[in-house]
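Hi,

Here is the structure I said I would pass along. Have a look at it first, and then read my notes below.

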Amino acid sequence: MLIGIIGAPNKGKSTLFSAITMNDVHIADYPFTTIDPNVGVAYVTAQCPHSEFGVSCNPRNSYCKNGTRYVPINVVDVAGLVEDAHSGKGMGNKFLNDLSTADGFILVIDSSGKTDKNGNKCTGADPAEDIALVKNELAEWLSGIIERHWKKVYMSEEPGAELAKMISGIGISGEVAEKCLRESGIRHRERDPPKEQMRHFAWKIIELSKPISICANKTDDPDSAKNTGKILAVSEGKCALCSAAIELALRKADKNGIIDYNPEKREFKELKEVDEAQKKALSYMRSFLKSGKSDVQGMLNRLAFEMLEMIVVYPVEDENKYADHYGNILPDAILIKKGSTASDLAAIIHTDLAKGMLYAVDARSKRRIGKDYMLKGGDVIRIVSAIR
Ligand SMILES: Nc1nc2c(ncn2[C@@H]2O[C@H](COP(=O)(O)OP(=O)(O)O)[C@@H](O)[C@H]2O)c(=O)[nH]1
Ligand SMILES: [Mg+2]
């Protein structure tokens, strides 16, 4: 799973990226600091079944802390998207194209209203306008791609299938593409559809294929409070408040062994004696977390589990020990689309495992389940296959 962090310059994308990946990327105060897309690993959280089974786990592809399993996802931090990026302004189309492989987006906006749409310092900007700007750029970008290849589509007997092929990187089916075409009022065999309809069509495709979570950043700024109401109203519940700067400070303090930070519960324990200044900073951050003005982990989890409809399952090779054949207990946590079956899980683990699959076993009930068993979040599953 790949999440793209998008937004205009200076909204805090790299700070957020740095916080959730704890990678050191260049964070600075001027546009276009990020020259190459940065890809890093962040985590979504799920309850680890180890405590339920009364065992201790040995994770391999993820990690477990205080009963919570941290499951990796990929994140890409992209250079600021400015108005008219689709026509080559700023870093232009290269970045938009880099994003086509993302499954979903986090759109970072500056809730303090102290940066304008180009990322320059100002006062009283309307952060909600940033949302419209970025959405517009995404729609223009995709409709540009479609327009360039439109001839093939309108010549085709199956325009939906042709479209799906053309934008296959976006992961949309022929039927859905056809439905979007109809809803945008574009007629079959239309040689030159009006621009507005094309843009509408492109936006529908993005909405269906790439969920966007709005990240109202810089909520630590006192001016933020007067804008958050409007931001929440225009983002249809798909919005999280965030202070990337405070999240980064907390995760750094955790990494340096000063605190034990639980990003899911938004609380921390102090581990070391600290000086007066640090004490003050920690006490400020504690009350900030309590105020509910930042929920970075919640944002990542909602994007993965609600908007992208993923679940976490735990494949094992021994349903009695919950282990792989080396004896590692609950080694892997796999993110898989809701609605997937036991045989879909087998295919993710290994093509041979899926080819020779006979049945599966639910490690909780120890019962045999069919290949078409629909997986539930938290399932611990053994795949039994004639080929290993
Ligand atoms: N007050 C405050 N400033 C922030 C926050 N996040 C980022 N910034 C500042 O905003 C500026 C731009 O941040 P950066 O992450 O480079 O933005 P990008 O251009 O969107 O990647 C820097 O001066 C950051 O320190 C935040 O949560 N609160
Ligand atoms: Mg940046």
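**Around the ligand**

A backbone N or O atom of Ala-244 sits 3.0 Å from an oxygen atom of ligand 1. Do bear in mind that this is a predicted model. Two more backbone contacts to ligand oxygens turn up: a backbone N or O atom of Gly-12 is at 3.0 Å, and one of Lys-11 is at 3.1 Å. On its own, ligand 1 would expose 580 Å², and the protein buries 81% of that.

The shell around ligand 1 has 17 residues, and those that come nearest are Asn-10, Lys-13, Ser-14, Thr-15 and Asp-220. By type, the shell splits into six nonpolar, six polar and five charged residues. Helix 1 (13–21) and helix 10 (244–255) each put at least two residues into it, with helix 1 giving the most, at three.

**The five-stranded sheet**

I also looked at an open sheet of five strands, which has mixed pairing and the order 11-10-14-12-13. Strand 11 (334–337) and strand 13 (367–369) are at the edges with a single partner strand each, so one side of each has no neighbour in the sheet. From one strand to the next, the twist averages 45°.

At the strand 13 edge, strand 12 (residues 357–362) runs antiparallel to strand 13, and three bridges join the two. One pairing to click on is Ala-360, whose bridge partner in strand 13 is Ile-369.

Cheers

How values were computed
Residues numbered from 1 in each chain as written. Chains lettered and ligands numbered in written order. Predicted model: local features only at pLDDT ≥ 70, side-chain atom pairs only at ≥ 80, totals over all residues. Heavy atoms only, no water. Pairing = 2+ DSSP bridges. Helix = DSSP H or I, 4+ residues; strand = E, 2+ residues; numbered from the N terminus. Axes fitted to C-alpha atoms, helices over the stretch in contact; angles between N-to-C directions. Near = heavy atom within 4 Å. Polar contact = N/O pair within 3.5 Å; in protein donor to acceptor, adjacent residues only side chain to side chain. Areas by Shrake-Rupley, 256 points an atom, 1.4 Å probe, with all protein chains shown as cover. Nonpolar A, V, L, I, M, F, W, Y, C, P; charged D, E, K, R; others polar.
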